Structures are given as structure tokens and as C-alpha cells.
Amino acid sequence: MPAPVVLVAEELSPAGVALLESSFEVRFTDGADRSKLLPALADADAVIVRSATQIDAEAIAVARRLRVVARAGVGLDNVDVDAATKAGVMVVNAPASNIVSAAEHAVALLLALARNIPQAMTSLKDGKWKRSAYTGVELQDKVVGILGLGRIGALVAERLSSFGMSVIAYDPYVPAARSTQLGVRLVALDELLAEADFISVHLPKNAETTGLIGDRELHLVKPAVRIVNAARGGIVDEVALASALREGRVAGAALDVYSTEPCTDSPLFAFDNVVVTPHLGASTVEAQEKAGTQVARSVRLALAGEFVPDAVNVQGGVVAEELRPWLPLCEKLGRIFAALAGGGTAAVAVEVRGEIAEFDVSVLALAAMKGLFSDVTEEPVSYVNAPLVAKERGVEVSLWADLVSADWRHVLTLRGTAPDGRLVSVAGTLTGPRQAERIVEVNGLDADIAPTDHMMFLGYADRPGVVGVVGQILGARQVNIAGMQVCRHAQGGEALIVLSVDSAVPSDAASEIAAAIGADVARVVDLDGV
């Protein structure tokens, strides 16, 4: 069977191309030239573009085999998403590829504006030594107002707080808990305008935000305010901003984006206290590399029928950034649950507790289902077909979410009943700044151990000598124990050993251990590849 064809219509990072070439036939064309693009699309399964290639209804109509349109960047202005959706074509982008670069550029603009760096450089290169003419202001103890506390806004807030700035923010869609976590005080828009010494814009452009900072708003700011817009052109009314600068109601501005682009002529360019750059927010080597590799991975997932976190339409949908680290853990918990149950179960409940419950957590149930069936069916299980596999096997999977979590900031639990009537459960969480995976409960017993590629679970009646027997049998098979935890409610009662080992446990070794210690549960789980 011939490999799927991926058409690269614009420049893509070498790392992205390499990821594609390992699995697909990769072809190249000039996407800006319609006479070359349309014929090339005829037998393409996927097409990757940047901003110069128009994937409109005409292009989609001629691409009868097309399954994926991937934009190696953030925006989708050049892709007709509605037409793609009607044709059943998935559209993906790389929303996280430029967030660090964009945040750093906003900070760079703010610093350049505060210290008059571009103006001083131009003057010096013209042969003038005018130190007093370019006296700036410090950031320390100033108030910066962040408009939009999404991923980029949060990074800017984090960086500017390290300069000793007080950070306030306006974002009606951010919960108070999130701003508190970031050390940012949420305020109303007018309050931010009145308090801020610097304002940095990090909002998406839509009907609500277009012209958000207009003439009325620019009459509410301090005369010493400096405004930075490295988000989207048109959020700050450029005509109103020019008037405010002319009348001395704003001390300066720095812009990377404009209402109409490319922009080579603007009334704002005439002001000495305005710093401008030609939309360079994503223009770093690292951002371009990330964009290429992210869309390449998405294309590979989509063509394999897997769940695509960065899909903006059709199957997949957008997954909150906060949920993405949970997907591998959920799949591991599904595999562990299936092993502990030891056979088919009629119903599995997926419980999500804590702060992550504020998001659409349905993807976590899909991840859990993928793990649940991965080791019990011959066909490959994906995010796309997992619900169908569950239905075919008569397994009812329910999802329950609650913002309240008694013991952990957030925790995910799978519960159900084994074929022999035993209650089975396994819970996990992510901890610390690195969001390390931990298993925190197994069959109602508290635990605290990291999931590894090879694990073993042993249920037995608590008594002396069991740990030694387990170690002796595994040692004789050259299976090294990396970690072990004994879980129990009380001495002499029900106990559970959770083992992480460096290599797979032979099935006869598991049987020998179970017989030697009288285990009522002896399950081996391989999580390799998750």
C-alpha cells in the first residue's frame, strides 16, 4: 500500500520535514502559485502551509484525498475552516509554537520603550552623543497592566514581575484562582487603565476586542503611560493612539502589529516616542522550529487516526494547555485498571477532581479508554475509535468532574467492578513544577509511587516476610526492583505491594510470587510506550 502523500507548500523546518519523511511521501510545491498548488493538491492526503498559501473552498474541492490541512503557525486567516469542515478535512495549527518568542518580544519592546534604546542608537549612529535627550524610566515599583492573561500574557506577567513590577490584569475569562496562582491581581478594564504605568496587550482579535483601547479608554490613562501591542493589530485604535500621543496623554507606544499589514506607512511612525517592528513576535529560530515539528506531529497523528490535540475542527477539538500533560497519565491509569480488573468490566467511572475540572475534561475520558483497551484488543485503539471499542465490548464509560478535591490539588480516578465482584480503583495526579506523574491510590489503599515502564501489583494479607520473598524470586530472575511501596490500612489487614522494576516480569515469576505469598491479586503491567 503506498504511503500517504504530505504536500509541503511553504518553507518548513528541517526537523519537521524529517519527522514526516520517516512515515510519508513528502512532496514540495510553491503554495503561493495557484497554478502549481492546485494540481499538486489533487492526490495529497495532507498539506502544510504557513501564511502565503490560500487553502480556500476551491483548493479543498480539487483535493479529493485531503484529510488534513496544517498551518505551521498560530493564525488560520488563510484557511477556509468552514469549507474544510464540510468536506470532512481536519484543520490543525501550532498554537503553542511561538508563545515564548512572542512574550519575550513584548518584554523587549517594553524595555526598549522605557529606555529609548532605538532612538538613542539612531542618534549615536548619526554621530550625536546626546545622553540627556534619552533619559528613560525604571520598571521597578511601576505597575504593569496586562490585557489578556492567556499563555503569552501569563509569561509576560511572570517575566515583568521579576523586574519588581506590580502586575495587574484584565481578562474576564480567567478564574480568580488562576490569577492568584500567577501572583496577578485581576481588575476591571477602567481600573487597569487608571492604575497602569505600562500596558501590554495580549488578547485575541475578535468582535469583543477590536478597538478595545480607543479614544474613551485613552482619556482614562495616566499621561506617563507607555503602551505595548505585540498581539494583534486593531485591538488598539491606531488613530486614537496617534491623537493621544500628539496631545501628550500617552508617554509612548511600542507596536509589532498593525490594523493593516504589511504596514510601511502610519501616522504613528512620525513620533519619536514610538518604537515599531514589522510583526516579529514569532520570528525566532526556536519558534519556527517548534511550529514545524508541532504540525508534523499533528499530521502524523491525524493520518494514523489518533486524537489530535491541536485540531480546530472535526474530530479532536482543542485541548486546554493545562490538560495536555494529563493525557499520558490517564492512558497509564487505564492500562493499570484493566490489569487490576483482570478481565472485562461492565462499567468504568472516570472521576476528575480539583482545579482541572474547570476545563472540558472529556479528552481525559478518551485517554483513559485508550489505555483501558490497548492491552485487551488486537486492533489498535486510538482516541478516535476508543468509544466505539467500548460500545462493542459493552463497557459503559462515565465521566464525572468536581472542582473540590479533598486530598490533592487535582486527581483523576478510575473505578469499576472486576468480573469476580471486587471493587477496583486506581488514582493518579501530577505534582510539582515539573508535573511529575504519581499513582496515589490503588484499590482504596493510599499510595505514592511514580508509574514506570514495568510495574507489578500484589494484593495479600499483611504479615512479615512477604517483601523478602518477592525480592528473592525477582532477584533470581534478574529482575531489578527500582521502587517498592507497601500500602495498607492496618497491620495484619489487607495489603498491597506496588512495584516498579527495570525489566518485564516473566509470567511464571508472577505466578510463583502469587503462590509463595498467597496473593489474591498478582498483576503485571507494561506501560512501555505510553
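Which strands does helix α12 lie across, and at about what angle does the helix run to β4? Let's work towards that through the sheet, keeping in mind that this is a predicted model.

The sheet is open and has five strands, paired in parallel and arranged in the order β2-β1-β3-β4-β5. At its edges you will find β2, residues 25-28, and β5, residues 90-92, each of which pairs on one side only. Going from one strand to the next, the twist averages 20°.

For a look at one of the pairings, take β1, which spans residues 5-8 and runs parallel to β2, with four bridges joining the two. Here valine 8 stands opposite phenylalanine 28 in β2.

Now back to the helix. Helix α12, made of residues 285-303, lies across β1, β3 (46-49), β4 (68-71) and β5. Its direction is at about 165° to β4.

Another spot to visit is histidine 202, which sits in the loop between β9 (198-201) and α10 (215-218). Is this residue buried or exposed? Histidine 202 has a relative accessible area of 11%, and because that is under 20%, the residue counts as buried. If you set aside the neighbours within four places in sequence, histidine 202 is in contact with Ala106, Ile146, Leu147, Gly148, Ile152, Gly153, Val156 and Ala231. There is also a polar contact to pick out in your viewer: the side chain of histidine 202 meets the side chain of serine 200 at 2.6 Å.

Technical notes:
Residues are numbered from 1 along each chain as its sequence is written. This is a predicted model: local features need pLDDT of at least 70, side-chain atom pairs count only at pLDDT 80 or more; totals for chains, interfaces and linings use all residues. Side-chain values use heavy atoms; hydrogens and water are left out. Two strands pair if DSSP finds at least two bridges between them. Axes are lines fitted to C-alpha atoms, for helices over the stretch in contact, and angles run from 0 to 180 degrees between N-to-C directions. Contact means heavy atoms within 4.5 Å. Buried means under 20% relative accessible area, exposed over 50%, partly exposed in between (1.4 Å probe, protein chains only). A polar contact is a pair of N or O atoms within 3.5 Å; within protein, one must be able to donate a hydrogen and the other to accept it, and residues adjacent in sequence count only if both atoms are side-chain atoms.
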